[in-house]
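Subject: Structure for you to look at

Hi,

Here is the structure I promised to pass on. Have a look at it first, and then read my notes below.

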Amino acid sequence: MLLDDRQAFATLVEKHHPSIRRFFMHQTMGDEMLSDDLAQETFIKLYYSIKQFKGLSNFSTYLYRIAYNVFQDHLRRHKLTDTSDAIPEGTTSSNSDTQIDISRALQQLTPTERAAITLYYIDDRKVEDVASILQLPSGTVKSHLSRGRNKLADFLRNNGYE
């Protein structure tokens with residue numbers, strides 16, 4: 001029985017690890033090592049809390065909620081209110097200028113705005129799912145999305161994009 005549980009959990013990890021790691025890559029502005037550590041911490045927390053999942057939301061929403069909490073805990077531990085000073089790793093000459101500009105644009109957002117933007121636009125989550133993950137009212141998520149879009153547009157416009 002325990003072996004079946006471990007195999008089932010391994011299947012969950014295989015299925016969801018790429019999207020959770022991608023979420024962290026956006027939150028940490030491309031810090032691969034930190035993203036890997038946070039993803040690992042997320043799945044450890046999931047392992048110990050999975051029996052608490054009641055099925056009241058999609059499993060992926062539950063998992064992203066854990067991931068978001070892990071990230072918020074990381075920010076609190078390191079007394080970071082935002083990661084706007086972070087330099088994305090891997091910004092070498094082989095990266096396109098557009099990718100670098102988008103990374104820099106994302107740095108202009110607060111962690112909550114960045115989480116809302118990446119969950120909604122990159123991970124294609126519904127506003128209701130984003131609200132559940134961030135534990136915010138839907139209207140507040142919509143406000144974060146609007147502010148985030150405006151900040152991104154202003155930054156990109158000021159850097160030569162139309």
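R22 is partly exposed, with a relative accessible area of 36%; the scale here runs from buried (under 20% relative accessible area) through partly exposed to exposed (over 50%), worked out with a 1.4 Å probe and with protein chains only as cover. Before going further: this is a predicted model, so local features need pLDDT of at least 70 and side-chain atom pairs count only at pLDDT 80 or more, while totals for chains, interfaces and linings use all residues. Residues are numbered from 1 along each chain as its sequence is written, and side-chain values use heavy atoms, leaving out hydrogens and water.

Back to R22, which forms a salt bridge with D123, with 2.8 Å between the closest N and O atoms. By salt bridge I mean a side-chain nitrogen of Lys or Arg within 4 Å of a carboxyl oxygen of Asp or Glu. This one links distant parts of the chain, 101 residues apart: R22 sits in helix 1, and D123 in the loop between helix 5 and helix 6. Helices here are DSSP runs (H or I) of at least four residues, numbered from the N terminus. Unlike its partner, D123 is buried, at 11% relative accessible area.

How many salt bridges does the structure hold? There are nine. R21, E32 and D36 are linked in a network of them. R21 pairs with E32, where the closest N and O atoms are 3.9 Å apart. Since R21 lies in helix 1 and E32 in helix 2, that pair ties together parts 11 residues apart in sequence. R21 also meets D36 in a salt bridge (2.4 Å, N to O); D36 is in helix 2 too, so here the parts tied together are 15 residues apart in sequence. As for cover, R21 is partly exposed at 22% relative accessibility, E32 is partly exposed at 40%, and D36 is partly exposed at 33%.

Now for the inside. The largest nonpolar core (buried Ala, Val, Leu, Ile, Met, Phe, Trp, Tyr and Cys residues joined through side-chain atoms within 4.5 Å) has 36 residues, and I20, F23, F24, L46, L119 and L134 have the most contacts inside it. Helices 1 to 7 each supply at least two of its residues, and helix 3 gives the most, with 10. Leaving aside neighbours within four places in sequence, I20 is in contact (heavy atoms within 4.5 Å) with A39, T42, F43, L63, Y64 and A67. In general, nonpolar side chains tend to be buried together in soluble globular proteins.

Which parts of helix 6 are buried? Six of its eight residues are, namely V127, D129, V130, A131, I133 and L134. Their cover includes helix 3, helix 5 and helix 7. Right after helix 6 comes Q135, with a positive phi near 55°.

Take a look at E113 in helix 5 as well. E113 counts as buried, at 2% relative accessibility. Not counting residues up to four places away in sequence, E113 touches H144, R147 and K151.

One last thing, on the surface: I44, Y47 and Y48 make a nonpolar patch of about 360 Å². I44 is found in helix 2 and counts as partly exposed, at 43% relative accessibility. Patches are made of residues with over 30% relative accessible area and no salt bridge, joining like charges within 9 Å and nonpolar side chains (Val, Leu, Ile, Met, Phe, Trp, Tyr) within 5 Å. The areas come from the Shrake-Rupley method with a 1.4 Å probe, and for residues only the protein chains shown count as cover.

Cheers
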